[in-house]
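Visitor: I am new to this structure. Could you show me how to read it, feature by feature?

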Amino acid sequence: MSKRFGRWVEPKQYLPEVDGDYMCLIKNGEMEFEDVRRLINGVWFGGCRPFTEHEVVMLWYEHPVLNLFQQQLQINRSHAVNYDFACRITIAIEHLTNRQADIRTVLRVMENQLELYELETKALNMEASTIVEHCRSVDGVLYQQMLAYPIAALKKASLSS
């Protein structure tokens, strides 16, 4: 799914507050491309040497909910499938509402799967329709089990903000 919400940030403006994996716009010579890079103590890592030796991270992608899920994934890799599903739901919410998903809305939808049906505000393209239907088709019990860890992370984040 394309990144329609959130924003690109220049690393010289500021870096993410938490180490982890982030989508980046990278320049290597004349070539520019998007890929995930890992930030550790203010330094970007990733890619395959020697091909990445001259790479420069030009921008990193900031999104309050998706970055939170990425950070939680770094803490507990054994729940990767849970956070991947949570990211898909967040993207589905954005396609349904045509705006950036905030923690409160994502939490509401994760706690009650039926909320996905209440959000639809516009016709969806094929790509968005596929992801929304996937999120809606998951069994209710499995839906809650899959989202237990992401829900806890969102609640913790909403308390600290």
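Guide: We will take aromatic pairs, helices, cysteines and backbone angles in turn. Keep in mind that this is a predicted model.

Visitor: Let's begin with the aromatic rings. How is a pair of aromatic rings described?

Guide: By two values: the distance of the centres and the angle of the planes.

Visitor: How many aromatic pairs does the structure hold?

Guide: It holds 6. One of them joins Y22 and W60, with 5.6 Å from centre to centre and 75° between the planes. That makes the pair edge-to-face.

Visitor: Which parts of the chain does this pair link?

Guide: Distant ones. Y22 sits in strand β2, residues 20-28. W60 sits in strand β5, residues 55-62. The two residues are 38 apart along the chain.

Visitor: Are Y22 and W60 buried or exposed?

Guide: Y22 counts as buried because its relative accessibility is 1%. W60 has 2%, so W60 counts as buried too.

Visitor: Which residues form an aromatic cluster?

Guide: Y14, Y22, W44 and W60 form one cluster. You have already met Y22 and W60 as an edge-to-face pair.

Visitor: Please show me another pair.

Guide: Take F85 and Y143. They are also edge-to-face: the centres are 5.9 Å apart and the planes meet at 90°. F85 belongs to helix α2, residues 80-97, and Y143 to helix α6, residues 140-146, so this pair ties together parts 58 residues apart in sequence. Both F85 and Y143 are buried.

Visitor: Now the helices. How far does helix α1 reach from its first C-alpha to its last?

Guide: Helix α1 covers residues 64-75, which is 12 residues. Its reach is 17 Å. That is close to the 16 Å expected at 1.5 Å a residue.

Visitor: Which residues of α1 are buried?

Guide: They are V65, L66, N67, L68, F69, Q71 and L73.

Visitor: What comes between α1 and α2?

Guide: A loop, and H79 is found in it. H79 counts as buried because its relative accessibility is 14%, under the 20% cut-off. The C-alpha atoms of H79 and I93 are 21 Å apart, with their positions 14 residues apart along the chain.

Visitor: And A80, is that residue buried or partly exposed?

Guide: A80 is in helix α2. Its relative accessibility is 32%, so A80 counts as partly exposed. The C-alpha of A80 lies 24 Å from that of V43, a residue 37 positions away along the chain.

Visitor: How are two packed helices described?

Guide: By the angle between their axes and the distance between the axes.

Visitor: At what angle do α2 and α3 cross?

Guide: At roughly 115°, and their axes come within 10 Å. Helix α3 spans residues 103-111. The two helices are therefore roughly perpendicular to each other. Their crossing is right-handed.

Visitor: At what angle do α2 and α5 pack?

Guide: The angle is about 125°, and the axes are 9 Å apart. Helix α5 spans residues 126-137. Here α2 and α5 are therefore oblique to each other. This crossing is left-handed.

Visitor: Next, the cysteines. How many disulfides does a search of the whole structure find?

Guide: It finds 0.

Visitor: Why is C24 too far for a bond?

Guide: Because the closest cysteine sulfur, in C87, is 15 Å from the sulfur of C24. A disulfide needs the two sulfur atoms within 2.5 Å. C24 counts as buried because its relative accessibility is 0%.

Visitor: Which cysteine sulfur is nearest to that of C87?

Guide: The sulfur of C135, 11 Å away. C87 is in no disulfide.

Visitor: Last topic: the backbone. What sign does phi have in most residues other than glycine?

Guide: Most of them have a negative phi.

Visitor: What is the phi of N41?

Guide: About 50°, a positive value, although N41 is not a glycine. N41 lies in the loop between β3 (31-40) and β4 (43-45). Its relative accessible area is 68%, so N41 is exposed.

Visitor: And what is the phi of N98?

Guide: It is near 60°, again positive in a residue other than glycine. N98 is placed in the loop between α2 and α3. N98 counts as partly exposed because its relative accessibility is 40%.

Terms used: Residues are numbered from 1 along each chain as its sequence is written. This is a predicted model: local features need pLDDT of at least 70, side-chain atom pairs count only at pLDDT 80 or more; totals for chains, interfaces and linings use all residues. Side-chain values use heavy atoms; hydrogens and water are left out. Rings of Phe, Tyr and Trp (its six-membered ring) pair if their centres lie within 6.5 Å; planes under 30 degrees apart count as stacked, over 60 as edge-to-face and the rest as tilted. Helices (H or I, at least four residues) and strands (E, at least two) are DSSP runs, numbered from the N terminus. Buried means under 20% relative accessible area, exposed over 50%, partly exposed in between (1.4 Å probe, protein chains only). The expected span of a helix is 1.5 Å times one less than its number of residues. Axes are lines fitted to C-alpha atoms, for helices over the stretch in contact, and angles run from 0 to 180 degrees between N-to-C directions. Angles under 35 degrees count as roughly parallel, over 145 as roughly antiparallel, 65 to 115 as roughly perpendicular and the rest as oblique. A crossing is left-handed if the near helix is turned anticlockwise from the far one by less than a right angle, and right-handed if clockwise.
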